[in-house]
Amino acid sequence: MVATEEDLVAPPAERPARTWPWLVAGVLIVLVLGSVARFLEDTIPAAAKGTSLEKFAAAVEYPIYAITLGLIGNVIVYYSGLRERIADAVRTEFFIKTGLVLLGASINLSLIVKAAGPAILQAVLLISSVFLITWYLGGLLGLDEKLRALLSAAVSICGVSAAIAAAGAVRAKREQLAYAASLVIIFALPSIFILPWLADVFGLSPAVAGAWIGGNIDTTAAVTAAGAIAGEQTLQIATIVKATQNALIGIVAVALTAYFAFKVEKDADAQRPGLRQLWDRFPKFVLGFIAASAIGTWYAGTVSAAEAKAHIGVVNDLRTWFLILAFVSIGLQLRVSALREAGWRPVAVFGGATLANLAIGLGLASILFAGFTV
């Protein structure tokens, strides 16, 4: 059976019944945790003002509160037996993609056009090199070829979404997809905090830092969290770079489909992948992101600056809410059981590929985005 996003939760035989009351309960849990994160972000800096913790409290932003609360919630729902029952309400992909489409409204379309050239070049070079390195490391350590494909797509493109696309392309087992997704999240969580810190230590400009973060952190949600911590300009470039990588999922999925059908499984009757499959794999939120930018740019040019700022501010506030819900969901979705079952070799492959991704990505971002201004 082909793995899908549904397989990121427990196998069907282990899933308790999910009814709409549990869905409502799950939505309420996500909303309550998100509201607490927003409350903490608003009140703690004010409470710490004038104390020795003032600077630290001001530096801690909503992604940190949201992820931390999500992880705490994860422990509670796991030990209370509720995690599988409320899983339908924990929709990281939906929350993050809605938030990113809303983010497009605050980014001038000219910036997207300006950054498109280096972003596309970086995406092609980074995806190609990191995919091949991960594939090589997986072969070196004797991983199953389908798991190699999932890990290679996940670490080189965009994490869970790429793993899902690759799983469909190579007909991976659901436990392989669950394992790859768990690896992605476990590696992405520390990256949210480490990369903004390293960007500051290295003295990177907002554009270079954004390109580095957008090209390296695997999940779109984690890229957004790290960008938000690093600053608004860094967030904008990181989002553009990550959206560019996301747009290449379809091409990689089609290539993997053809490779496994005609090379690995050697099925002479396999149907050749076509443009329809490419479109099916294309992440549609990228189009929404560009459309929101075009509408926001047009609107800002038709009203006064004060009016545009006020209305874009409302959209930005809504965007922050969706991102908070996404970050809470990241914490709630973390699973470590699959990692224990798979052993150390996939972890070593993913870790080695991540280090290569960091080094190559830093080099490309420093070259392609040198002198770039937001």
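**Notebook: helix packing in a predicted model**

I started with α4 and helix α10 (residues 220-230), which pack at an angle of about 50 degrees with their axes 9 Å apart. That angle makes α4 and α10 oblique to each other, since it falls neither under 35 degrees nor in the 65 to 115 range. I noted the handedness too: α4 and α10 make a left-handed crossing. On the α4 side the contact uses T92, I96 and L100, and on the α10 side T220, A221 and T224. Sorted by class, the α4 contact with α10 comes to three nonpolar, three polar and no charged residues. Reminder to self: this is a predicted model.

**Whole chain**

Next I stepped back for the overall picture. I get 17 helices and zero strands in the chain. Of the 374 residues, 49% are buried. I also checked how far apart in sequence the contacts reach. Taking contacts between residues at least 6 apart in sequence, 83% of them join residues at least 24 apart.

**α4 again, now with α14**

Which helix has an axis that comes within 6 Å of the axis of α4? I found helix α14 (residues 285-300), whose axis crosses that of α4 (residues 92-104) at roughly 25 degrees. α4 and α14 are therefore roughly parallel to each other. The crossing here is right-handed, whereas α4 with α10 gave a left-handed one.

For the residues, I listed K97, L100, V101, L103 and G104 from α4, meeting F285, G288, F289, A292 and S293 from α14. By class, this contact holds six nonpolar, three polar and one charged residues. L100 caught my eye, as it is listed in the contact with α14 and also in the contact with α10.

**Two residues in α14**

I picked S293 first, which sits in α14. Is S293 buried or exposed? It is buried, at a relative accessible area of 0%. Leaving out neighbours within four places in sequence, I see S293 in contact with G104, A105, I107, N108, L109 and I112. G104 also turns up on the α4 side of the helix contact.

I290 is in α14 as well. Its relative accessible area is 36%, so I logged I290 as partly exposed, given that buried needs under 20% and exposed over 50%. I then looked at I290 against I240: the two are 50 residues apart in sequence, and their C-alpha atoms are 9.6 Å apart in space.

**α5 and α11**

I240 took me to helix α11, where it is one of the residues that meet α5. The axes of helix α5 (residues 109-140) and helix α11 (residues 232-247) come within 8 Å and cross at roughly 55 degrees. That makes α5 oblique to α11. I have the crossing down as right-handed.

Which residues make this contact? From α5 I wrote down L111, I112, A115, A119, I120, Q122, A123, L126 and I127. From α11 I have Q236, I237, I240, V241, T244 and Q245. The class split is eleven nonpolar, four polar and no charged. I112 is worth a margin note: it meets α11 and is also in contact with S293.

**α6**

Then I checked how enclosed α6 is. Helix α6 (residues 145-158) has 14 residues and spans 19 Å from first C-alpha to last, close to the 20 Å expected at 1.5 Å a residue. Twelve of the 14 residues are buried, so α6 is largely enclosed by the rest of the structure. The buried set is L147, R148, A149, L150, L151, S152, A153, A154, V155, S156, I157 and C158. I flagged R148 as one of the buried residues there.

**α3 and N74**

Last stop was helix α3 (residues 62-79). It has 18 residues and reaches 26 Å from first C-alpha to last, close to the 26 Å expected. I listed its buried residues as Y62, P63, Y65, A66, I67, L69, G70, G73, N74 and V77. After α3 comes G81, with a positive phi near 75 degrees.

I took a second look at N74, which lies in α3. Its relative accessibility is 7%, so N74 counts as buried. What does N74 contact, leaving aside its neighbours within four places in sequence? I found R83, G331, L332, Q333 and L334.

Notes
Residues numbered from 1 in each chain as written. Predicted model: local features only at pLDDT ≥ 70, side-chain atom pairs only at ≥ 80, totals over all residues. Heavy atoms only, no water. Helix = DSSP H or I, 4+ residues; strand = E, 2+ residues; numbered from the N terminus. Expected span 1.5 Å × (residues − 1). Buried < 20%, exposed > 50% of the residue type's maximum accessible area, 1.4 Å probe, protein only. Axes fitted to C-alpha atoms, helices over the stretch in contact; angles between N-to-C directions. Parallel < 35°, antiparallel > 145°, perpendicular 65-115°, else oblique. Left-handed = near helix turned anticlockwise from the far one by under 90°. Contact = heavy atoms within 4.5 Å. Nonpolar A, V, L, I, M, F, W, Y, C, P; charged D, E, K, R; others polar.
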